[in-house]
Amino acid sequence: MKFYDQTIPDVEHELDTKIESGLTEAQAKERLEKYGPNKLKEAKKKSNLARFVDQFKDPMIIILLIAALISFVIAAIEHDPQEFFEPILILVIVIVNAIMGVMQESKAEAALNALKNMSSPQARVIRNGSELLIDSASVVPGDIIKLEAGDYVPADARLFRSVSLKCEEAALTGESVPAEKEADAVVAANAPLGDRKDMVYSGCSVTYGTGQAIICATGMDTEMGKIAGLLNNEQQSQTPLQIKLAQLGKYLGFLAIGCCVIIFIVGMINGLAPMELFLTSVSLAVAAIPEGLPAIVTIVLSIGVTKLAKKNAIIRNLPAVETLGSASVICSDKTGTLTQNKMTLVRAWADGDEDTVEITSDDPQKIRRLLALGTLCSDGSIVIEDGQEISIGDPTETSIVAAAMKNGMTKDELNTKYPRIAEVPFDSDRKLMSVISDMNGKLTVITKGALDSIIPRLKKGDAKRAKKLNEQMSENALRVLAIATKEISELPEKISSDTIENDLELEGLVAMIDPARPEAKKAVEVCRKAGIRPVMITGDHVITASAIAKELGILRPGDKAITGVELDAMNDDELDHDIENISVYARVSPENKIRIVKGWQRRDQVVAMTGDGVNDAPALKAADIGCAMGITGTEVAKGAADMVLMDDNFATIVFAVKEGRGIYANLKKVIGYLLGTNIGEVLTVFVSMLIWHKSPLISMQLLWINLVTDSLPAIALGMEPVENDVMDQKPKAKNEGIFAHGFGTRIILQGFMFGALAIFSFWLGQTLTHTVRGAETMTFITLSLSQVVQAFNMRSNHSLFHIGVFTNPKLNKAALISVLLVALVIFTPLNIPFGLEILPWDCFFIALGLALVPLVVMECSKAFGLIRHEEN
């Protein structure tokens with residue numbers, strides 16, 4: 001039931017309670033059994049064993065396990081201890097990946113625990129007519145609670161008494177200033193959460209005034225509980241990288257199985273021994289599956305994570321790096337993300353002047369007087385701790401105090417010079433606050449508040465001009481306060497609004513705003529250039545949100561700004577039709593945020609969601625990648641996010657997107673490199689078996705090539721610096737496969753090139769050396785060193801000579817190590833167990849020449865446009 005649009009008697013009747021005496025202990029006990037503790041339910045936890053087992057459902061992992069099993073079989077058959085190296089390495093890779101997966105699965109559980117920890121530990125309730133201090137978990141619907149400044153609200157409650165009550169609800173609504181609460185407010189039935197002035201909500205805090213309320217909902221029935229339910233029910237989808245690697249595993253599996261079946265059939269027809277065919281099949285399996293690919297992908301992602309961490313972006317989920325690079329829409333919260341989450345006085349007007357002026361550190365005397373008066377009539381203050389300004393109290397008041405400090409006037413100095421004699425506190429009904437200060441021996445009344453409330457009390461001042469300027473500044477999303485004064489000869493007997501807030505003289509207006517981050521506008525421009533659509537989603541008012549969005553370039557001509565109520569009135573079809581024209585969503589609920597994210601996802605967009613509050617957590621989890629604020633962000637938001645911005649800087653997201661794109665490009669290079677070379681190995685074995693009924697490379701040689709020659713250059717290739725023009729390209733489509741734009745065809749063609757070179761080298765080796773071992777050695781040299789050369793070719797779709805042959809020092813070192821390791825098994829006694837021999841020098845140089853052929857082929861392909869840079 002909705003209680004915010006009900007009268008207090010109706011609420012009392014519905015909840016069977018009395019506002020004066022509260023519940024009886026018997027009623028409270030009965031309701032605690034009925035509704036349960038005032039706690040958030042935990043999600044059903046998987047055991048670590050179940051999580052560990054789930055990690056082995058990935059097709060690539062299954063194929064690796066099959067490869068390990070086959071390798072164990074062949075090692076047992078050959079009784080060679082060296083053969084056990086391959087399966088052990090495969091198992092180590094699989095287990096490490098599984099452990100990492102288990103560690104990353106605690107995100108939703110951490111988010112719920114963070115929500116749970118935000119509950120107030122104790123609450124002041126009235127039961128049996130007496131005030132008690134009880135555990136907040138024992139609060140039940142119908143309890144009467146008392147609130148004052150500094151208290152956390154233990155559960156959702158309907159106010160029946162309030163005195164100047166304000167609550168900090170930014171975590172739920174996104175508003176940058178405390179919400180004013182009024183027990184007698186008339187609230188519409190369809191009012192959004194931020195406009196329900198007669199309600200207070202679980203987990204929010206009281207910043208000003210006092211109040212009493214009737215508990216209406218506890219535990220999972222509270223607004224915070226509903227968010228916890230959304231977190232609990234929202235399923236996390238696989239990232240694009242995970243989906244593509246799963247597809248890749250299936251392709252490799254089909255390739256290996258198909259080749260093995262054909263080899264067995266052809267071999268049996270030609271009378272080859274089954275054991276020999278089995279060993280050849282193992283060689284094919286080893287050649288087909290890039291055993292190091294999962295480990296290399298993890299390493300490349302880890303390197304990216306480390307680099308991002310140095311730039312204040314903490315990645316909580318490794319594949320999220322690639323997903324962020326694919327982002328095509330960023331749904332950003334306003335408060336604290338695009339803005340500074342700090343109310344700042346920006347303009348002021350002194351009565352008698354023509355126009356407003358911008359606040360500086362050297363304002364005109366009339367403006368300085370206005371700031372001093374506003375500071376004297378404020379309860380907020382600013383203290384300096386460790387060089388940092390700490391604001392205490394209402395943000396609108398502290399913005400005035402800060403502006404005065406900027407002009408060399410501290411509040412303590414002003415209060416000492418002009419001591420406060422009396423005051424009439426702020427009241428939400430009259431929207432005014434007044435103090436009486438001794439200013440140079442004269443009793444001066446200083447009143448500040450809403451202009452509409454001050455104008456009827458004026459005796460002197462240009463009210464007409466003030467109203468016009470107030471309208472102009474309000475349209476620009478500025479929060480405006482008026483300041484007025486009068487001198488009195490003596491203190492009235494009774495200090496009240498009626499006795500002192502009249503016959504005032506208008507001093508002027510001050511206007512403040514939660515300003516946009518200076519770097520946010522440039523970040524939005526970079527997003528636009530990169531083909532990324534920025535969208536603002538906020539709990540703030542639509543006028544304020546629109547003004548900030550226009551300033552940042554998010555809301556452009558022709559774009560729409562709508563409220564959560566308007567969004568609720570739209571069905572999914574209408575939202576899908578208009579979503580590309582809507583740039584600002586204001587006064588939204590947590591459910592609204594998820595609808596917006598999923599609306600973009602239905603348009604096949606990769607959605608990033610930034611936020612800091614509890615209200616952002618479900619959308620952070622539903623998005624393809626959630627980015628939480630590290631400074632202002634709640635633990636709930638951080639727990640639900642994939643990435644945490646430690647500097648709360650929107651510009652950091654842009655850097656992360658650039659790095660994400662670069663990392664994905666590097667992963668694509670690594671995958672292309674490994675698959676191209678492995679296809680070459682498969683073709684070498686497969687075609688040679690068809691022609692000569694013999695494999696030119698035994699499994700030990702293929703294993704050495706895969707684990708030594710492939711892995712080191714592949715890792716170094718994954719560390720290639722991000723190319724400068726990566727942010728000039730449009731984001732790839734969500735359903736775009738990793739082999740799109742002819743990339744798969746190029747890999748296959750490159751595989752044929754390696755296969756052809758190796759087969760030719762085998763034939764030539766037999767012709768020149770007249771021995772199988774000599775032919776195998778030539779094939780081994782050609783295939784292994786051509787793969788080292790290919791690592792350089794894969795660095796960029798630009799010419800290798802354009803980017804610089806040796807400009808990646810890590811690849812240079814990896815290539816050198818690989819060449820030395822190849823030489824180690826050729827020119828040392830290790831050549832005996834590897835089935836190799838030292839070749840005549842002419843054969844050796846011929847093999848080296850064949851290894852350089854890929855460089856010529858790839859450079860010609862780039863020069864003639866067969867490989868275009870834009871395809872990345």
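These are my notebook entries on a predicted model, covering one helix, the nonpolar cores, some salt bridges and one serine.

**Entry 1: helix 20**

I began with helix 20, which spans residues 520-529, and I looked up which of its residues are buried: they are Ala 520, Ala 523, Val 524, Cys 527 and Arg 528. Looking down the axis of helix 20, I found that these buried residues fall within an arc of 140 degrees, so they line one face of the helix. On the other side of helix 20 I noted Lys 522 and Lys 529, which are exposed.

I then asked myself which elements the buried residues of helix 20 pack against. I found strand 9 (329-332), helix 13 (334-338), strand 20 (533-537), helix 21 (542-552) and helix 27 in that role. Just after helix 20 I also wrote down Gly 531, which takes a positive phi of about 80 degrees.

**Entry 2: the nonpolar cores**

Next I turned to the largest nonpolar core, which has 89 residues, and I noted that Leu 509, Met 536, Leu 552, Met 643 and Phe 650 touch the most other members. The largest share of this core comes from helix 27, which gives 10 residues.

I followed Phe 650 further, leaving aside its neighbours within four places in sequence, and I found that Phe 650 is in contact with Ala 520, Ala 523, Val 524 and Cys 527, among others. Those four residues are also listed among the buried residues of helix 20. The contacts of Phe 650 also include Ile 330, Ser 332, Thr 337, Leu 338 and Arg 517.

I also recorded a second, separate core of 35 residues, which includes Ile 263, Leu 757, Phe 780 and Leu 785.

**Entry 3: salt bridges**

How many salt bridges does the model hold? The count comes to 33 salt bridges, and I looked at a few of them in turn.

Arg 420 forms a salt bridge with Asp 379, and the closest N and O atoms are 3.0 Å apart. This pair links distant parts of the chain, 41 residues apart, with Arg 420 in strand 14 (residues 420-427) and Asp 379 in the loop between helix 14 (365-376) and strand 12 (381-385). Arg 420 counts as partly exposed at 28% relative accessibility, and Asp 379 counts as partly exposed at 33%.

The side chains of Glu 723 and Lys 669 also meet in a salt bridge, at 3.6 Å from N to O. Glu 723 lies in the loop between helix 28 (699-717) and helix 29 (743-769) and Lys 669 lies in helix 27, so the pair ties together parts that are 54 residues apart in sequence. Are these two partners buried or exposed? Glu 723 counts as buried because its relative accessibility is 19%, which is under the 20% limit, and Lys 669 counts as buried at 5%.

I noted next that salt bridges sharing partners join Arg 124, Glu 131, Lys 146 and Glu 148 into one network. Within this network, the side chains of Glu 131 and Arg 124 meet at 3.6 Å, N to O. Glu 131 is partly exposed, with a relative accessible area of 43%, and Arg 124 counts as partly exposed at 22%.

**Entry 4: Ser 688**

Last, I located Ser 688 in helix 27, which covers residues 650-692. Ser 688 counts as buried because its relative accessible area is 0%. Not counting residues up to four places away in sequence, Ser 688 touches Leu 683, His 693, Lys 694, Pro 696 and Ile 759.

Methods: Residues are numbered from 1 along each chain as its sequence is written. This is a predicted model: local features need pLDDT of at least 70, side-chain atom pairs count only at pLDDT 80 or more; totals for chains, interfaces and linings use all residues. Side-chain values use heavy atoms; hydrogens and water are left out. Helices (H or I, at least four residues) and strands (E, at least two) are DSSP runs, numbered from the N terminus. Buried means under 20% relative accessible area, exposed over 50%, partly exposed in between (1.4 Å probe, protein chains only). Contact means heavy atoms within 4.5 Å. A salt bridge is a side-chain nitrogen of Lys or Arg within 4 Å of a carboxyl oxygen of Asp or Glu. The arc is that of the directions from the helix axis to the C-beta atoms. A nonpolar core is a set of buried Ala, Val, Leu, Ile, Met, Phe, Trp, Tyr and Cys residues joined through side-chain atoms within 4.5 Å.
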